[in-house]
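Q: I'd like to learn how to read a fold from its coordinates, one feature at a time. Could you walk me through it?

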Amino acid sequence: MTHKGRIVSAVALTTLALGLTACNDGEDTSSAQESPSASAPASSDPSSESPSADPSDDAAAPAGGDVAAPGTKFKIGDRAVLPFEYGTEKKGTVAVTVTAIEKGTEADMAAFGAKAKGMTPYYIRMKVENVGGTDMSYSSLRLRGKLEGGGPTGVILIGDLPGKCDSESAPRDFTTKGASYETCSLSATKTDPIAAASFEEGDAYSDSPVLWTN
């Protein structure tokens with residue numbers, strides 16, 4: 001299942017299935033004042049099919065290895081076990097393996113329109129595994145691109161590029177230990193190359209993210 005976002009402008013409402021905005025992540029960026037705000041992707045989480053059931057037991061003691069501490073650094077291809085919450089009812093432990101950070105071309109960004117001029121996309125490809133055995137069906141996990149040294153890109157993208165970087169949510173049967181799926185997070189930069197993928201879910205990791213680098 002692929003999530004699509006939308007872009008909302010103070011001037012006009014467009015029907016693009018992709019959203020684009022810039023954020024300064026605590027730093028000044030020249031594009032931050034030019035870009036419209038973008039809405040978060042709508043959840044396709046069918047609550048009637050995926051009730052939460054006692055996630056604490058398995059999630060507290062994952063069978064797939066020790067949970068990675070905030071700030072841990074991995075190499076591309078390494079598997080990191082991480083706590084993960086999605087919404088208010090989905091909670092468990094997953095293992096994330098970043099398999100590649102691929103550089104695209106500026107032409108790939110055509111679907112985002114004129115605001116994407118000068119941006120180079122990067123495709124963060126990953127495998128997500130259910131380690132805790134809790135019901136994480138229809139959840140969606142996103143990694144963010146970082147510059148060398150862990151600095152922010154200054155750009156936030158909402159959506160994906162079909163055929164190039166498809167943002168998939170967990171399948172319906174992502175409810176048991178060992179279940180897995182593959183997905184892609186889209187990132188972009190106007191400045192330096194993206195050199196790392198960042199997991200920032202939860203308070204501890206937002207302050208000190210887990211990083212994958214080459």
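Q: Let's begin with strand pairing. Which residue is the bridge partner of Val128 in strand 8?
A: A bridge ties one residue to a partner on another strand, and two strands pair once there are at least two bridges between them. In this predicted model, Val128 has Tyr181 of strand 8 as its bridge partner. That bridge belongs to a longer pairing: strand 5 and strand 8 run antiparallel and are joined by 10 bridges.

Q: How many bridges does strand 5 make with strand 4, and in which sense do they pair?
A: Strand 4 and strand 5 share 9 bridges in the antiparallel sense. As an example to look up, Ile101 is bridged to Ile124 of strand 5.

Q: What sheet do these strands build, and in what order?
A: To read a sheet, list the strands as they lie side by side. Here 4 strands make an open sheet with the order 3-4-5-8, and the pairing is antiparallel. Strand 3 and strand 8 are the edge strands, each pairing on one side only. Direction ignored, neighbouring strands in this sheet are turned by 40° against each other on average.

Q: Is strand 8 mostly covered or mostly open?
A: Check burial residue by residue rather than judging by position in the sheet. Strand 8, residues 180-189, is mostly covered, with 8 of its 10 residues buried.

Q: And is Ser180 buried, partly exposed or exposed?
A: Burial ends at 20% relative accessible area and exposure begins over 50%. Ser180 is at 37% relative accessibility, so it counts as partly exposed. This serine lies in strand 8. Beyond its neighbours within four places in sequence, Ser180 touches Lys127, Val128, Glu129 and Phe174. You can also look at backbone distance: the C-alpha atoms of Ser180 and Asn130 are 6.1 Å apart, although 50 residues separate the two along the chain.

Q: Which strands form the mixed sheet?
A: Mixed pairing combines both senses in one sheet. This open sheet has 4 strands in the order 2-10-9-6. Strand 2 (73-75) and strand 6 (144-147) are at its edges with a single partner strand each, so one side of each has no neighbour in the sheet. The average turn between neighbouring strands here is 35°, direction ignored. For a parallel pair, look at strand 2 and strand 10 (residues 210-213), which are joined by 3 bridges. Within that pair, Phe74 is bridged to Trp212.

Q: Why does Lys146 count as buried?
A: A charged-type name alone does not settle burial; the accessibility value does. Lys146 has 11% relative accessibility, so it counts as buried. This lysine is in strand 6. Its side chain and that of Glu200 are joined by a polar contact of 3.1 Å. Outside the window of four places in sequence, the residues in contact with Lys146 include Gly151, Pro152, Thr153, Ile194, Ala196 and Leu211.

Q: Where is Tyr138 found, and what is its phi?
A: Backbone torsions are worth scanning in loops as well as in strands. Tyr138 sits in the loop between strand 5 and strand 6. Its phi is near 65°, a positive value in a residue other than glycine. Tyr138 has 8% relative accessibility and therefore counts as buried.

Q: Which residues have the most contacts inside the largest nonpolar core?
A: In soluble globular proteins, nonpolar side chains tend to be buried together. The largest core here has 28 residues, and Leu82, Val96, Leu141, Leu143, Phe199, Val210 and Trp212 have the most contacts inside it. Strand 3 (79-86), strand 4 (90-103), strand 5 (120-130), strand 9 (194-199) and strand 10 each give two or more residues to this core. Another core, of 12 residues, lies apart from it, with Ala116, Met119, Val155 and Leu161 among its members.

Q: To finish, what order do the elements follow, and how much of the chain is buried?
A: The whole-chain view puts the local features in context. The protein chain has 2 helices and 10 strands, running β-α-β-β-β-β-β-β-β-β-α-β from the N terminus. Of its 214 residues, 44% count as buried. Among contacts between residues at least 6 apart in sequence, 70% join residues at least 24 apart. The chain exposes about 10600 Å², with carbon and sulfur atoms supplying 48% of it.

Terms used:
Residues are numbered from 1 along each chain as its sequence is written. This is a predicted model: local features need pLDDT of at least 70, side-chain atom pairs count only at pLDDT 80 or more; totals for chains, interfaces and linings use all residues. Side-chain values use heavy atoms; hydrogens and water are left out. Buried means under 20% relative accessible area, exposed over 50%, partly exposed in between (1.4 Å probe, protein chains only). Contact means heavy atoms within 4.5 Å. Accessible areas come from the Shrake-Rupley method with a 1.4 Å probe; for residues, only the protein chains shown count as cover. Axes are lines fitted to C-alpha atoms, for helices over the stretch in contact, and angles run from 0 to 180 degrees between N-to-C directions. A nonpolar core is a set of buried Ala, Val, Leu, Ile, Met, Phe, Trp, Tyr and Cys residues joined through side-chain atoms within 4.5 Å. A polar contact is a pair of N or O atoms within 3.5 Å; within protein, one must be able to donate a hydrogen and the other to accept it, and residues adjacent in sequence count only if both atoms are side-chain atoms.
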